[in-house]
Amino acid sequence: MSCPADFDLAGTVARLFIHPVKSCAGIEVQQALLTDTGLEWDRAWMVVDAQGAFLTQRALPRMALVRPQMTAADLVLHAPGQAPLKVPLAATGLTAAVRVWNDTVPAWDMGDAAAHWFSGFLGQPCRLVRFDPAQRRLSSLEWTGGAEAPNQFADGFPLLVASTAGLEALNAQLAAVGQGGVGIERFRPNLVLGGVEAHDEDRVDLLHIDTGAGGAVQLQPVKPCVRCPIPDIDPASAERGTQVGDALRRYRQDARMGGAITFGMNAIVRRGAGQVLCVGQPLGAHYRFG
């Protein structure tokens, strides 16, 4: 490992995920290109309603059953009872104004076939749009300390970082009340840290990742991720529960966020756009208040 040995903690990149269509299933990958807006293809597409407002599992849990596949030329979407939908990676389309939280941005409409596919599966009129990379949607400058950190259709930041140990701590809480464990997929992270203590991502400043000959990557956790009901949705069945939220409320109420429950940290790219992140790469960090 070329990272300095005097880091407060050392670990590895344990898992990587991209979520091509916002709020649909993710894809676990062994490597991913890091861009200024996060991992390549992450939250590049989004489903919107007839008024152009974004749709998520919060209101439509069946979105969890839409499973993407990336090929060299296409995004291929699969869902129960539906023929696969191919969306060319090179597709642009007519421009439409869409809303994600408080932001309105121009996006490319992916056409009537995609709209019909999603409308039929979700049971309401909707359309699939793609983020126009010529646009800039910035993360909250308040949380980034004034740094301009662009993202696409993520809720607010380029990357979400969690840890294997953090999931193990949650599953221990669930086991203590007779509940089965859950997978990290429920939390929709991009980067999962291995070899660190539970929720170390909360406590570190810059994450330094050694990509080998390609150089170093620096990611900065900037904001705790406040959790909505999505982690209580079973990604395999789209059924809602309450056990995950109930468990988190017992030990993850976060004073930094007014007592809201948090799990994972939103992060921005400080250095290394254009490098490839791979599972197994070593990483190090200093504690923020160490």
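For a chain of 290 residues, a compact globule would have a radius of gyration near 19 Å, and the chain agrees with this expectation because its own value is 19 Å. The model under discussion is predicted. Along the principal axes, the C-alpha atoms occupy a box of roughly 55 × 45 × 35 Å. Of the 290 residues, 52% count as buried. The surface that the chain exposes comes to about 12,300 Å², and carbon and sulfur atoms supply 52% of that area.

The secondary structure consists of four helices and 21 strands. Strands of a sheet pair through backbone hydrogen bonds, in either a parallel or an antiparallel manner. One open sheet contains three strands in the order 4-3-20, with antiparallel pairing. Its edge strands, strand 4 (38-39) and strand 20 (276-278), each pair on one side only. Strand 3, which covers residues 31-35, is joined to strand 20 by three bridges; within this pairing, A32 has L277 as its bridge partner.

A further set of pairings involves strand 10. Six bridges connect strand 9 (residues 95-100) with strand 10 (residues 103-109), and the two run antiparallel. Here V98 of strand 9 is the bridge partner of V105 in strand 10. The hairpin formed by these strands has two residues between them, and W101 takes a positive phi near 55°. Strand 10 is also joined by three bridges to strand 11 (residues 126-131), again in antiparallel fashion, and A107 stands opposite F131 of strand 11.

Contacts across the whole chain complete the picture. Among those between residues at least 6 apart in sequence, 68% join residues at least 24 apart.

Methods
Residues are numbered from 1 along each chain as its sequence is written. This is a predicted model: local features need pLDDT of at least 70, side-chain atom pairs count only at pLDDT 80 or more; totals for chains, interfaces and linings use all residues. Side-chain values use heavy atoms; hydrogens and water are left out. Two strands pair if DSSP finds at least two bridges between them. The radius of gyration is taken over C-alpha atoms; the globule rule is 2.2 Å times the number of residues to the power 0.38. Buried means under 20% relative accessible area, exposed over 50%, partly exposed in between (1.4 Å probe, protein chains only). Contact means heavy atoms within 4.5 Å. Accessible areas come from the Shrake-Rupley method with a 1.4 Å probe; for residues, only the protein chains shown count as cover.
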